[in-house]
Amino acid sequence: MITTPIGIAMVGFGYWGPNIVRNVVERPEFRLLGLCELDHGRAGDFASRHPGIRTESDFEQLLLDPRVRAVAIATPPRTHHALARQALLAGKHVLVEKPLACSVQEAEELIELAEQRGLVLMPGHTFVYSPAVNKVRELIRSGEVGEVYFVTSSRMNLGLYQSDGVISDLAPHDLSILLYWLERPLTRVSAAAQSIFQLGIPETAFLTVGFAGGATANVQVSWLAPRKMRQMVVVGSRRMVSYEDTSSDEAIRIYDRGLDFCQTQAPATFGEYQLTYRSGDIVVPRIDAAEPLALELEDFAAAIRTGSEPRSNSALGREIVRALEAAHLSMERAGEPIELHGAYEPRMNGRATGDERLPAVIGR
């Protein structure tokens, strides 16, 4: 069956925009119809790479084109709400890079507008499409890891300096992965950060996030590191799993290591309890190669055509914005933990549920 490609326009051709454009051009589901870019140099770069495709500095002009059914937005976070709202009001489906918005209020306004108009609003949390990330999720879901005690995450590099701060820039990646793995809502967030070059724009931050059910995660994000690091470690009751995004051939390692707490018969004192160290095999599973961004766009197209809920959906995007908002509030209060109980209702097929686990639609 031959289907007509979905006409799509790109907004922004800075750091991430060229990657989206490359994948859009390569995917049969889409036809790239234009770019909106204010910077003349970037617009010229796009025109040289993609001759014959329209460029505009006025977003409204692209939205007036009836052939454009969807837009992809890759601009600074502070512009996401206004641009996404403008596109939704024009009747366009929207893929907007992380974070979905800069506040929960903005995110909820966009979600309500998309639902009222029957449009797809999809935040670009690309890591939930990573084959390695999905392998770890499979290990957690299958019970091989056991009960997840805690997760540590380090995401560091040298640059790129962004005016929105390192938390808004890097932490959404870790938060999206954690929510995707654990499938439980956040209950508390605390954050500490340091601004070195410009007051109020932290280059390094440390977050501690708690989840319903008791699991905790510590997240370190930084623009001031000697080398690029993207590493997460899941510590469970049965296995430990390390995920290294920068490793091409051993992205996942499964460790049969840990501590077992046992007791002697009828223990009378704490000393009669015994800790047994377990040190077994290390398994490196095979991970199929696939570009996450290509899979994300495939999912976006399916959501437009069939009405299916995308893996990276607005419920996930709103929860991440909620976490970022809490992290910034915690920083203002010198690291005070911000409780989030009752602030989030998981959705299942668009309806609130009483289950404290995140819905399956956040990661099908």
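Here are four short exercises with worked solutions on this predicted model.

**Exercise 1. Get an overview of the chain: how many helices and strands does it have, and what share of its residues is buried?**

Solution. Start with the secondary structure, which comes to nine helices and 17 strands. Next, take burial, counting a residue as buried when its relative accessible area is under 20%. On that basis, buried residues make up 51% of the 364 residues. Then turn to the surface: the accessible area is about 17200 Å², and carbon and sulfur atoms hold 50% of it. Finally, look at the contacts with a separation of 6 or more; 67% of them link residues 24 or more positions apart.

**Exercise 2. Work out the strand order of the open six-stranded sheet and find which strands stand at its edges.**

Solution. Walk across the sheet and you will read E3-E2-E1-E4-E5-E6, with parallel pairing. The two ends of that walk are E3 (54-56) and E6; each has a single partner strand, so one side of each is left without a neighbour in the sheet. As for twist, neighbouring strands are turned by 25 degrees against each other on average, with direction ignored. Now zoom in on one pair: E5 and E6 run parallel and are joined by four bridges. Among the residues involved, Leu95 has Met122 of E6 as its bridge partner. To finish, add helix H8 (residues 292-306), which packs on the sheet and touches E1, E2 (30-36), E4, E5 and E6. The direction of H8 makes about 155 degrees with that of E5.

**Exercise 3. Identify the buried residues of helix H4 and say which elements they pack against.**

Solution. Helix H4 covers residues 80-89, and its buried residues are His80, His81, Leu83, Ala84, Ala87 and Leu88. Follow their contacts outward, beginning with strands: they pack against E1 (6-11), E4 (70-73), E5 (93-97) and E6 (121-124). Helices H3 (59-63) and H5 (104-117) are packing partners too. One last stop lies just after H4, where Gly91 takes a positive phi of about 85 degrees.

**Exercise 4. Describe how helices H6 and H7 meet: at roughly what angle do they cross, and which residues make the contact?**

Solution. Begin with the axes of H6 (residues 131-142) and H7 (residues 166-182), which come within 9 Å and cross at roughly 30 degrees. The crossing of H6 past H7 is right-handed. From H6, the contact uses Val133, Asn134, Val136, Arg137 and Ile140; H7 contributes Ile177, Tyr180 and Trp181. Sorting these residues by class gives six nonpolar, one polar and one charged.

Technical notes. Residues are numbered from 1 along each chain as its sequence is written. This is a predicted model: local features need pLDDT of at least 70, side-chain atom pairs count only at pLDDT 80 or more; totals for chains, interfaces and linings use all residues. Side-chain values use heavy atoms; hydrogens and water are left out. Axes are lines fitted to C-alpha atoms, for helices over the stretch in contact, and angles run from 0 to 180 degrees between N-to-C directions. A crossing is left-handed if the near helix is turned anticlockwise from the far one by less than a right angle, and right-handed if clockwise. Contact means heavy atoms within 4.5 Å. Ala, Val, Leu, Ile, Met, Phe, Trp, Tyr, Cys and Pro count as nonpolar, Asp, Glu, Lys and Arg as charged, and the others, Gly among them, as polar. Buried means under 20% relative accessible area, exposed over 50%, partly exposed in between (1.4 Å probe, protein chains only). Accessible areas come from the Shrake-Rupley method with a 1.4 Å probe; for residues, only the protein chains shown count as cover. Two strands pair if DSSP finds at least two bridges between them.
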